[in-house]
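Visitor: I am new to this structure. Please pick out a single part of it, look at it closely, and then say what lies around it.

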Amino acid sequence: MVKNYDLRLKGFVGYWDFDSDYVDYILDKFADRKVDVLIDSTGGQLASALSISAAFKNHGDVHVHFVSMNASAATIASLGAKVITMDSQAHYLVHRCSAYICSFDNLNAEQIEAKCQELQKTKADLEKFDISIAAAYARRCKKSVEELHALMAKDTWLTAEEALAWGFIDEITDFDEDPEPVLDDVTALAFAQNGIPVPAALQRKQTESSFANRILSKFGTRSRTKNAHKNVKPSNNSTVMNQKNDGTGTETTQPVAEDTSKDVIAAKDAEIKRLKDRIAALEKEPADNHKSVVESTKADNSPQSDYVADMKKAVDLFKSLP
């Protein structure tokens, strides 16, 4: 289902957020390709809806998608679209046309008669609009005008399935499932440093990144606490037992080959400690006070440059870990 729309029409049909002039602007801008439109509105002005429907039809390649509660003029506006889809949780309502009637006048008999005639004319106009709109719905739904006119009189909300059965929409859609999670480099390092076990879903689909795989192979995928290793001594046997969670809540054990490169690791640990001590010492030293401009082309032998160089060595050393 489309998630990036060229046009989003919401609110009252005829106001700034559901405006026919803006619809014309967007359709002209994308005159040579399909235009995806999201509609989320409970209705508004009939005139604006008819104008928008005609604009959709003249463009020829408009896809309208309904979400939430849609009724009245909003449904009429969609009739000119080439394809109409609807979210599975949305609703759809058609009803007969109405007009706003409000009068607080102090009228005599003749004025009341004139008001009644005015209301009778409005009634006749609304009846004419009803037949016209029912005919437009009927053309879309491939049903009779009488059937659609009767449905409009019921003034009842339709589910997505009912709207599809009537023919108001062409398809019911739903959001795609969330993509399967992937273990990236940052997440792998964070899990390892904090002793968080890797979820089963991530264990089944690990990233191809060599860095993430090195992190997991170095720190493992089981849960660790910061002090869990302090009182544990390595076994004299050629293998040690490593706990592993199989994703079902049951802890199982399996043999893990003992690292035979203890001397290499010890040497690297010593180098890392030396660099950390060096960094700590540099952080305690006061910064140099410069009163003159230093040429950038000259060699920089300041403590800051040594700090940067040592940090680079530490990073390179970390990357060399198996």
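Guide: A residue is called buried when its relative accessible area is under 20%, exposed when that area is over 50%, and partly exposed in between. By that measure, buried residues are 29% of the 322 residues in the chain. The model is a predicted one. The chain contains 11 helices and 10 strands. Of the contacts whose separation is 6 or more, 61% are between residues 24 or more positions apart.

The part to look at is the largest nonpolar core, which has 45 residues. Val-37, Phe-56, Val-64, Tyr-92, Tyr-137 and Phe-168 have the most contacts inside this core. Helix H4, residues 109-141, supplies the largest share of the core, with 7 residues.

Tyr-137 is a convenient place to begin. Setting aside residues up to four places away in sequence, Tyr-137 touches Ser-72, Thr-75, Ile-76, Leu-79, Tyr-92, Val-94, Leu-148, Met-152 and Phe-168. Two names on that contact list, Tyr-92 and Phe-168, are also among the core residues with the most contacts. Tyr-137 belongs to an aromatic cluster as well, together with Phe-66, Tyr-92, Trp-166 and Phe-168. The count of aromatic pairs comes to 6. One member of the cluster, Trp-166, has a charged neighbour: Lys-143 lies over the face of its ring, 5.6 Å from the ring centre.

Another member of the cluster, Phe-66, leads to strand E3. This strand covers residues 62-66, and 5 of its 5 residues are buried. Val-62, Val-64 and Phe-66 point one way from E3, while His-63 and His-65 point the other way. The general pattern is that side chains in a regular strand alternate between the two faces of the sheet. In E3, the residues pointing either way are buried.

E3 runs parallel to E2, and 5 bridges join the two strands. Within this pairing, Val-37 has Val-64 of E3 as its bridge partner. Both Val-37 and Val-64 were named above among the core residues with the most contacts.

From E2 it is a short step in sequence to a loop. Arg-33 lies in the loop between helix H1 (20-29) and strand E2 (35-40). The side chain of Arg-33 meets that of Asp-6 in a salt bridge, at 2.8 Å from N to O. Asp-6 is in the segment before strand E1 (7-10), so the pair ties together parts that are 27 residues apart in sequence. Arg-33 also lies over the face of Phe-30, 4.0 Å from the ring centre. With a relative accessibility of 36%, Arg-33 is partly exposed.

The count of salt bridges comes to 8. Another of these is in helix H4, the helix with the largest share of the core: Lys-121 and Asp-125 form a salt bridge, with their closest N and O atoms 3.2 Å apart. These two residues are 4 residues apart in H4, about one turn of the helix. Lys-121 is exposed, at 56% relative accessibility, and Asp-125 is partly exposed, at 27%. A salt bridge within helix H10 (residues 262-284) can be set beside it. There, Glu-271 and Arg-274 are 3 residues apart, about one helical turn, and their side chains meet at 3.1 Å, N to O. Glu-271 is partly exposed at 30%, and Arg-274 is partly exposed at 42%.

What remains is a sheet on the list of surroundings. Strands E4, E6 and E7, in that order, make an open sheet of 3 strands with mixed pairing. E4 (69-71) and E7 (158-159) are its edge strands, each pairing on one side only. E4 runs parallel to E6 (residues 91-93), and 3 bridges join them. Leu-93 in E6 is the bridge partner of Ala-71.

Ser-88 lies in the loop between strand E5 (83-87) and E6. Its relative accessibility is 19%, and therefore Ser-88 counts as buried. Apart from neighbours within four places in sequence, Ser-88 is in contact with Ala-160, Ile-172, Thr-173 and Asp-174.

Definitions and conventions:
Residues are numbered from 1 along each chain as its sequence is written. This is a predicted model: local features need pLDDT of at least 70, side-chain atom pairs count only at pLDDT 80 or more; totals for chains, interfaces and linings use all residues. Side-chain values use heavy atoms; hydrogens and water are left out. Rings of Phe, Tyr and Trp (its six-membered ring) pair if their centres lie within 6.5 Å; planes under 30 degrees apart count as stacked, over 60 as edge-to-face and the rest as tilted. A charge sits over a ring if NZ of Lys or CZ of Arg is within 6 Å of the ring centre and within 35 degrees of the ring normal. A nonpolar core is a set of buried Ala, Val, Leu, Ile, Met, Phe, Trp, Tyr and Cys residues joined through side-chain atoms within 4.5 Å. Buried means under 20% relative accessible area, exposed over 50%, partly exposed in between (1.4 Å probe, protein chains only). Contact means heavy atoms within 4.5 Å. A salt bridge is a side-chain nitrogen of Lys or Arg within 4 Å of a carboxyl oxygen of Asp or Glu. Two strands pair if DSSP finds at least two bridges between them.
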